[in-house]
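Thanks for sharing this one with me. Here are my notes, as numbered points, on the sheet, the helices and the aromatic rings.

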Amino acid sequence: MAKHGPATTDDIVPEPPTSGGVENAEYTVVARRYRPQQFTQLVGQDAVARSLANAIQNDRVAHAYLFTGARGVGKTSTARILAKCLNCAEGPTISPCDRCPMCVAITAGEDIDVQEIDGASNRGIDEIRAIRQNVAVRPAQSRYKIYIIDEVHMLTGPAFNALLKTLEEPPPHVKFIFATTEVQKIPITILSRCQRFDFGTITPARILNRLQEIVAAEGMNAEIDALKLVAQRAHGSMRDAQSLLEQLLAAGDGQLTVELIHSLLGTATDDRVVAIADGILNHNPATGLQLIAQAAEDGLQMGELLDQLIEYWRYLMLIQATNGQFRDFQLTVEASEQVVAHAQMTTLDTVLAGLEILTSAKNRMKLTGQHQVVLEMTVVRLCRLEEMLSVSQIIQWLKQGGASSAGNLSNLPTRAGAVENLKKNSLTAKNQGIPTPTEKISSNGLNPSEKVELNDATLNRVWSSVKSQAGIMHGGELGKAASIAIRGPNTLVLTFSAHYNHSYDYCSDPKRVAKVEEHLRTLTGSSWNFRLERDQSAGPETARTPSAGEEARSHQEKVKQIPLVKGLLEVLEARLLKVDDEFGSAVATVVDDGDGVSLTGEGASDLENEETMSEGDPFIE
């Protein structure tokens, strides 16, 4: 049978498990056989080990400790090591002998003075009452009576309350050590009575070193790239890595290869991941879809393939963010060279946007069984990523005058760095005497540098230019007018029909009127007065919104003065379409349907009384 004795990082050679006969049923798994027995053997928890060792050396051992962190990072092992340090026959010491009866019993989990309690199955108040009664009894043979409660967050509220007083003032011969993976579920009253140690996840490099030592101690062979895959798959958990290693060694009959890992785990080879990434970055969705179909036919797990793509895009991000300095890839040499080359084909913003799409797809996979469809859709979106536009890009482009007409978006940038490229190209064009996008008005050919006399013959061309320079929303509303005409000296009149009262109100804003007059002055070189009128031919009643009485209009004006609404109307250059009668008690909804902003729901009375509001307020949707 395998020994349970200590294992050191320099000489990990436990007695190999015997095969055959009855003793084969007592085989001890790798994760238990190579469990750390000293503080120096803890992997990736140097700060915790150093702090506990100093506490023992300085005789400052607390009465209660809380170890928190992810699974398989050494919380329970550290608790056992601390118990041995305190109860060793040669202690208290930071290096327990592992030979005395107390050390041997604690290692085997048989010491009556060191009780390991499962918090999930002993979570009630009755179990805690039993502990309270037993703490008064002195230890049978050891220096301290130690209670190690694993997954302590599983205790019930009454159980925690029953533990409070004993935990705060235990007898001098009692120590409590709690371990949990969900520290947020522990009451603050318990946390304040413990010294807390946070166990971080273990880096793949440290896991890899430990796995190499175990493979050598087991007398087996493993490819270095195979062990890298195991370390990466463990996601920072040493126990997961060791359990997976044992499974793979058993399946491989003592020989661990990369092909074996991919076949058992359903993961893709680095070459296949690189090929999919190459198709995406070259905007070739057909290649990506073909590779995914082949992966599904080969029995690969779509979720695992998505995880590998996320990791690949993480490498792209790290290379971009460090200006090519990052080189710690858990990939083959050939794949590492490819990821560096791929990083030069894109930009950091595009990579970040791709990571957002990939992580969203991961969450979506959890909600559906159509994993292949989700992955295919993700690959297609990544191929078209640089053709997509963010709201900030559109706003920046519009501010720079990049839109050629009020309703035409064909000239918007289609790459992540298009705005910056536009500035550079405009600079070059200016030096060469070529009109830049901000100087051109493509819809009619007018150039602001050449003044045009405004008369009946040129009215349509000039007015088209004004709408173009006004922007998409303002220009679109101006375009809804029934007619435009010159009346009197230097006076331009825009007439709206009775059906476009909202457009009339929007364009009548003094700031927007001033903008139109400024555009006219720029184009014609002279000052023009701009005026808006309603078409009265259908009678006075049609010039107003039939359903909107004076009371409703007064209500709308009040809503417009609300700080939040006023800010929306000004920043978005929007207009208020309607205010529901119910708007006034709890919740308001802001809706932009392309023709303007409407507020529906309840909450006007509350909103009117608000002095300061933010986009995080609960009544905004």
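1. A word on terms before the rings: the rings of Phe, Tyr and Trp (its six-membered ring) pair if their centres lie within 6.5 Å, and planes under 30 degrees apart count as stacked, over 60 as edge-to-face and the rest as tilted. With that in hand, ring pairs link Y65, F67, F197 and F199 into a cluster.

2. Please keep the origin of the coordinates in mind: this is a predicted model, in which local features need pLDDT of at least 70 and side-chain atom pairs count only at pLDDT 80 or more, while totals for chains, interfaces and linings use all residues. Residues are numbered from 1 along each chain as its sequence is written, and side-chain values use heavy atoms, with hydrogens and water left out.

3. There are twelve aromatic pairs in the structure. One of them joins F67 and F197 edge-to-face, at 6.1 Å centre to centre and 70 degrees between the planes. This pair bridges distant parts of the chain, with F67 in strand 1 (residues 64-69) and F197 in strand 5 (residues 195-199), 130 residues apart. Helices (H or I, at least four residues) and strands (E, at least two) are DSSP runs, numbered from the N terminus.

4. Are these two rings buried or exposed? F67 has a relative accessible area of 0% and is buried; F197, at 14%, is buried as well. Here buried means under 20% relative accessible area, exposed over 50%, and partly exposed in between (1.4 Å probe, protein chains only).

5. How is the sheet ordered? Its five strands form an open sheet in the order 2-3-4-1-5, with parallel pairing. Strand 2 (114-118) and strand 5 are the edge strands, each pairing on one side only. Two strands pair if DSSP finds at least two bridges between them; strand 2 and strand 3 (residues 145-150) have five, in the parallel sense. D118 stands opposite D150 in strand 3.

6. Now the helices. Helix 2 (residues 46-57) lies across strand 1 and strand 5, running at about 150 degrees to strand 5. Axes are lines fitted to C-alpha atoms, for helices over the stretch in contact (heavy atoms within 4.5 Å), and angles run from 0 to 180 degrees between N-to-C directions.

7. One last detail: the charged end of R512 sits over the ring of Y506, 3.8 Å from its centre. The criterion is NZ of Lys or CZ of Arg within 6 Å of the ring centre and within 35 degrees of the ring normal.
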